[in-house]
Amino acid sequence: MTHYAPIDVHAHYFPQSFLDLIAKHGPSHGFEYKVVDGKGPQFKHGHLLTGPVGPKFVDLDARLEAMDEQGVGVHALSLSQPMVYWADGDLAQGISETYNDALAQAHGRHPKRLVGLATLPMHEPALAVKEVERAARLPGMRGFYIATQIRGKDLSDASFLPVYERIESSGLPLFLHPVEVIGHQRLAAYYLTNLLGNPFESAIAAAHLVFGGVLDRFPKLVVCLPHAGGAFPWLVGRLNRGWEKRADLKHVRHSPLEYLRRFYYDTVGYSDHVLEYLVKVIGADRVLMGSDYCFPIAYEQPVKIVADHPGLDAEAKRKIVEANAYRLLKL
Ligand SMILES: [Zn+2]
């Protein structure tokens, strides 16, 4: 049995070069931007408030220290809101390249501990295709990373098909993450944009990939859902019932139950029962450790929540904490 080191696949990273571009171009693109005294930059775009983005998001030494405290060996680094879809054309491409180059540089500094999930200018699919090809060749790039909707377009939109095709042929997985959420006006109170909006976004995105035929069209495309799949795995009975009863849903090759296993899921569900459900219904080979480093509700001890789980056996825990991610990310 090979032993690796625990890998966190849900770890956000804001390199300084990306923050500099937000500072430079954000205000002319509708951002409210300020630096909070001693806490780093904060920016608001539409309903999305990000930050203050402190050193743990930015500084690689502070990150490695946090990883050591958690017993995490590797971070698969990814962007977060506001992503790059707010910028047009060349600017979006430039920001994506800057971000992905910073991922490669982080990997260069700490090749055994940091790898990257590349950001793509998805709202400009021709540019996204180019960036898939460029980023896939960068050192340490182990996957791609897009939002659950792109400027209001769902992931079944035909304009994204060429991007999925290139991602599939790259052999690297595609990670999703919510940014803009459905019905944000009704979710503005009580932190519900995150607590409810994010998990429903993942469910909507997954349903579009299933019923929109994307998974049928690209049988080797590997898609990872954040936040333990959000609402998606819990609604599969209902999706399945619709597929059984509705003629307009029969065009997909398999039942929604079967598509559950086309996705990977992280452990960010904040409940032993949620993790147990995923392992029972989908299988321990499809669950990956994540933390949401280092947003306010992120796991402080992502390894421990798996290692101390009362209902999972040692083999399942090993797969979730390390083996699945090493296989998937080709480490
Ligand atoms: Zn996250």
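Biologist: Why is arginine 151 called exposed?

Modeller: Arginine 151 has 10 other C-beta atoms within 10 Å, and a residue counts as exposed if 12 or fewer lie within that distance of its own C-beta atom, as buried if 20 or more do, and as partly exposed in between, with C-beta atoms placed from the backbone; arginine 151 is therefore exposed. This is a predicted model, in which local features need pLDDT of at least 70, side-chain atom pairs count only at pLDDT 80 or more, and totals for chains, interfaces and linings use all residues. Residues are numbered from 1 along each chain as its sequence is written.

Biologist: What makes the phi of arginine 151 worth a remark?

Modeller: Phi is near 45°, a positive value in a residue other than glycine, and arginine 151 lies in the loop between strand E8 (149-150) and strand E9 (153-154), where strands (at least two residues) and helices (H or I, at least four) are DSSP runs numbered from the N terminus.

Biologist: Aspartate 292 also has a positive phi, of about 70°; is aspartate 292 buried or exposed?

Modeller: Aspartate 292, found in the loop between E13 and helix H12 (302-307), has 24 other C-beta atoms within 10 Å and is therefore buried.

Biologist: How do you know that H1 is roughly antiparallel to H4?

Modeller: The axes of helix H1 (residues 16-25) and helix H4 (residues 89-109) come within 9 Å and cross at roughly 155°, where axes are lines fitted to C-alpha atoms, for helices over the stretch in contact, and angles run from 0 to 180 degrees between N-to-C directions. Angles over 145 degrees count as roughly antiparallel, under 35 as roughly parallel, 65 to 115 as roughly perpendicular and the rest as oblique, so H1 is roughly antiparallel to H4.

Biologist: Which residues of H1 and H4 meet?

Modeller: Ser17, Phe18, Leu21 and His25 in H1 meet Leu91, Ile95, Thr98, Tyr99 and Ala102 in H4, contact being defined by C-beta atoms, placed from the backbone, that lie within 7 Å.

Biologist: What makes strand E7 (residues 141-147) and strand E10 (residues 174-177) a pair?

Modeller: Four bridges join E7 to E10, which run parallel, and two strands pair if DSSP finds at least two bridges between them. Alanine 147 stands opposite histidine 177 in E10.

Biologist: Why are strand E1 (7-12) and strand E13 (287-288) called edge strands?

Modeller: Eight strands form an open sheet in the order E1-E5-E6-E7-E10-E11-E12-E13, with parallel pairing, and E1 and E13 each pair on one side only.

Notes:
Contact = placed C-beta atoms within 7 Å.
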